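Visitor: I should like a close look at one part of this model, followed by its surroundings. Please explain each term as it arises.

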Amino acid sequence: MFLLAIFIISILVSIGSFAFTSRRKEYAIISSAVVMVLTVVYSLLHFASSYSGGYVSVSNIALSTSTGIYFSTAVTGFTDWLLILGTVIIFIAALITKDNKDSRTMYSYILIAGAGLYGILISRNFLFFYIFWEVVLIPVYFMIGQFGGKNKDSASMKFFVYTQFGSLFILLAILTLYNFYSLSHSGVLTFQMSALLNTSFINTIPVLWKDFLIFGFLFGFLVKMPSFPVHSWLPDSYESAPFPGTVILAGGLSVMGGYGLFGILLPVSGIFSSTVLYVLILLGIISLIYFALTAMFQQSLKRMMAFASAAAMGFVTIAFGAGILEAGTISASAYASANIYNYSTFYSGILELSGGMFQIVAHGLIMAMIFATLYFITEKTGKQTMMNLGGIFREAPVLSSLFLAGLLASLGLPGLAGFIGEFSIFVGSFQAISWIIFFLIFGMIITASYHIWAAQKSLFGPYNENLGKIGDINSKEISILMGLLIMIFIIGIVPNLVYVPLVSYIAHLGGIGAL
Amino acid sequence: MNPYVFFTTSITSGLSGVLVHYSSVFFLGIVGFIILALGIFRIDKRITAGITFAAMAISLPVLYFTTSGPAVSMFGGTIIFNDFGTYFAMVMVISSMFIVFPALQKINLKSEVFYALLLFITVGMIIAAFSYNIITIFIAFESVSIGTYVLASFGKDRRTLEASIKYFFTGTVGTAFIIFGASFFFMATSTFNLRGITTVNSPEAFLIALAFLIIGFGFKMALFPLHQWALDTYDGTENSVSAFLSSGTKILAFLIILRIFLVGFSSDLQSVYYFFVIIAILTMTYGNIAALSQNNLKRLLGYSSIAQAGYLILVVVIVAYSATNKLGSSVIDFAIAAGMFYSLVYIFMKGGAFITMNVISKEKIELSDISGLAKRSPATAVSFAIILLALAGIPLTGGFMAKYYLFIALISGQLWWLAIIAILNSAISVFYYLRVIQQMFWKEPQKKDTFNLTGWTKSPVIISAIIVVALGLAYAMFPVLISAAGGLFG
């Protein structure tokens, strides 16, 4: 009930925000902080010590039993981390919104996006999953359209139509599942994930339909990630969106894609043929390299970081493909005994699968950090292209150091969160796809180089005197960024905080290939 | 059935029963005449509207209590009272109720004629909702059509007149086709009763009847390629009349299409399937693609309503296909229930969208005329945005649930390729709905203010948005519709 209560609170505060005509910023910050704190408390209660995999806080509220519509909620160790990440991102987005007369509705959009994200992650009924999945689009669309920079019309339109197009394929896949379930279970209609997401059931679906539904799900999720070749909405949306919107895009929407892969499809990973998995790995690698190369040639820091974000999500796709591919070779019993503290049982596909999930969490935090810093840089200097910046370390040392820290976390410096996920995936997928590792290294080198390059061009070197006097950030702004940095640091130093529930989650799925 | 036996036996036994079952019809008709009579005393038009609304509101529970329940067949199956017919009758009464107050502002001359006509039209709709005989359907439908020809001409300027003339002529052509088709139907089957076909004497005549009836009712429902009148008419007529034409009469045409082609032509559903699958695809694709480049807001809505008619017609396709391939009655019931739900939501989506045009006090409404509405009246802008998103099928609205059920029906009817076409179409449609939203929310308002924001114009929009959202949350309603859906076949 606690979980449901938090969700209802997040819906109520988002609706309530329309009632506030003044002091919306305080309202948004406080209410998103409340949701965040409650989520953390909830996590501590359920996941800190006693989590042994599977779904907790299961609740089913029947809305229409004969057509199988329930409001069902439950979380796993994985979704719980995404919930924490999501609420942190919404909180940060509320903090870095520029407060002026026009931006009053912005806070409402942020809170609605937060409630929608919450709904996606806790829903265990496909109807509501889909509803929340779409609901998140609307506030982000309005954010880009109303408060966006140049090209906001076309960017917002492109964003909405493109991602909605992807979602429609998810809808078709869901409906296919629904229909075949009712055919094979003598007319029982249900949208419950617990019934529909069943490997042996899905494997009884005729081949053409099964391929179709796999395609539908993957297409919809990869659009959100975003992955090559369905990414073209990304650069315009990220660049046009106001900074809180960019943070939600980078942290929230990629969470949706990642959750789709690891939360929806991983439990039924037995349905994938190895061809599909190789295609996924290939797409991940292409994303990684292609986005890294594209990022190298960007002048705008915001656009560059948009590509960096997409490149980092390439790791997630690789982890998903390689992990299932490798895990397919071992037995269910070996899976169930997986334990993070026992090296020998830990090392079969679980490493990259949990690494992929870790990467989603780490990537969200890092991107929130980077875009928040970029927001402050843009606020101080009015510029966001590398050409127009330069040497701002001299004027704003604290801000520059924090930006540097964000960049280093993003390129995967050991000790920070980004490293752990990438390293796990790197090591883990070596088992499954040995030679392809070469390309990964290539991608990582490019990634490192443009991050360093960005730091050099914008932070160091001779000061660009055209910028005039810019002040450093004040203590309030420092505390926002330091908070994020500390989180990135902690899960970089003590990754088991995240890993333990993730591994329990995977182990509890009980043998991926064996099902 | 032998027509002579029909007259001698059924009529005497049926007449007493029909009086009770048709009490709402008599009631509304009598109120219509009273309103006409009141016109002599120059009663304030608000009172007239109030009486009309109240009469319709009373007729809803009357309809429910007198016609729902186990099927009652009268006059040898000419009229059948069951839950299915009751549902549609109530939906159509609601569609008439919906425009009573929004129309109030623009109807200055002879308002009593307008409201009396609206009541008579509603009477025709209710009769049509229970008819299973081509002749009764035709008469009821014509009484509705003739009423709407007059409604369409209410208004001052020449465009309204042009629109209504155009509507009248094409409507008459449609009527001619229907009559022609009906006579071929009789030739082939020796009956006008849709459920009374025992043998088909002449398959050729049957097929000709099918083709002519499709053309006739295609005109009425504005299906591609018989849609052209609809754009001019919706564009030219007064907003609330456009709302009624594109929602109420369209739903009526949909109901009749369901009935004539699925019940009357049940021995040749294969042909029905082929005809309608082509029409459905063309209609929704054409409507959506043509709407993309429209700058005239009412025409844009007109094209969108053509596309929506294409979605509705999918129900006929699914049922015809499932019945020919023997996929079972649960698929058929689900599809019909999807159509029933869609019809109800459609009234508030499409009707609401057209009624929103009342906030702009211009005759020819361009897309740019609505820019800046969000600044002037946020509540109206948000409500209109909700209505447009519902039309586009975005979740948390009734429009989404309607499409959702329809797509489930398509997939369970094993027409997955058609589901993909429908989904691609609804992805395309997002473009032009978003263009309107863009104009409202972040385009600078025009220099010359053309808004007419009063309680009368704003509240219908807000109310329909609330209903659209509420229907999206009414999950428990659908199983009820499924249980009533079988009533289509009597």
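Visitor: How many helices and strands does the secondary structure of chain A come to? Please begin there, and then look closely at helix α10 of chain A.

Guide: The secondary structure of chain A comprises 22 helices and two strands. Helices (H or I, at least four residues) and strands (E, at least two) are DSSP runs, numbered from the N terminus. The model is a predicted one, in which local features need pLDDT of at least 70 and side-chain atom pairs count only at pLDDT 80 or more, while totals for chains, interfaces and linings use all residues. Residues are numbered from 1 along each chain as its sequence is written, and chains are lettered from A and ligands numbered from 1 in the order in which they are written.

The frame of chain A comes before the helix itself. Its C-alpha trace spans about 75 × 55 × 45 Å along the principal axes. The radius of gyration of chain A is 22 Å, which agrees with the value near 24 Å for a compact globule of 515 residues. This radius is taken over C-alpha atoms, and the globule rule is 2.2 Å times the number of residues to the power 0.38. Of the 515 residues of chain A, 60% are classed as buried. A residue is buried if 20 or more other C-beta atoms lie within 10 Å of its own, exposed if 12 or fewer, and partly exposed in between, with C-beta atoms placed from the backbone. Two residues are in contact if their C-beta atoms, placed in that way, lie within 7 Å. Among the contacts in chain A with a separation of 6 or more, 82% join residues 24 or more positions apart.

Helix α10 of chain A covers residues 207-224, which makes 18 residues. From its first C-alpha to its last it reaches 26 Å, close to the 26 Å expected at 1.5 Å a residue; the expected span is 1.5 Å times one less than the number of residues. The buried residues of α10(A) include L213(A), I214(A), F217(A), L218(A), F221(A) and K224(A). Helices α7 (152-184), α12 (243-265) and α13 (274-296) of chain A are among the elements that cover the buried residues of α10(A).

Beyond this helix comes a loop. P226(A) lies in the loop between α10 and α11 (234-240) of chain A. A cis peptide bond joins M225(A) to P226(A), with omega about -10 degrees. Most residues other than glycine have a negative phi, and most peptide bonds are trans.

Chain B also has a cis peptide bond, between F224(B) and P225(B), where omega is about 0 degrees. P225(B) sits in the loop between α8 (203-221) and α9 (228-236) of chain B. Two residues of chain B show a positive phi. S190(B), in the loop between α7 (158-189) and α8 of chain B, has a phi near 60 degrees and is not a glycine. S190(B) counts as partly exposed because it has 16 C-beta neighbours inside 10 Å. L396(B), in the loop between α15 (378-392) and α16 of chain B, has a phi of about 75 degrees. L396(B) has 20 such neighbours inside 10 Å and therefore counts as buried.

Elsewhere in chain A, α19 (residues 417-432) and α21 (residues 475-493) pack at about 40 degrees, with their axes 7 Å apart. Axes are lines fitted to C-alpha atoms, for helices over the stretch in contact, and angles run from 0 to 180 degrees between N-to-C directions. Helices α19(A) and α21(A) are therefore oblique to each other; angles under 35 degrees count as roughly parallel, over 145 as roughly antiparallel, 65 to 115 as roughly perpendicular and the rest as oblique. A417(A), F419(A) and I420(A) of α19(A) meet I488(A), I491(A) and G492(A) of α21(A). These residues divide into five nonpolar, one polar and no charged. Here Ala, Val, Leu, Ile, Met, Phe, Trp, Tyr, Cys and Pro are nonpolar, Asp, Glu, Lys and Arg charged, and the others, Gly among them, polar.

Finally, the two chains touch. The contact takes 27 residues from chain A and 23 residues from chain B. On the chain B side, α16 (398-412), α17 (416-442) and α19 (477-485) each supply at least two residues. The largest share of that side, 11 residues, comes from α17(B). By class, the side of chain B that touches chain A has 19 nonpolar, four polar and no charged residues.
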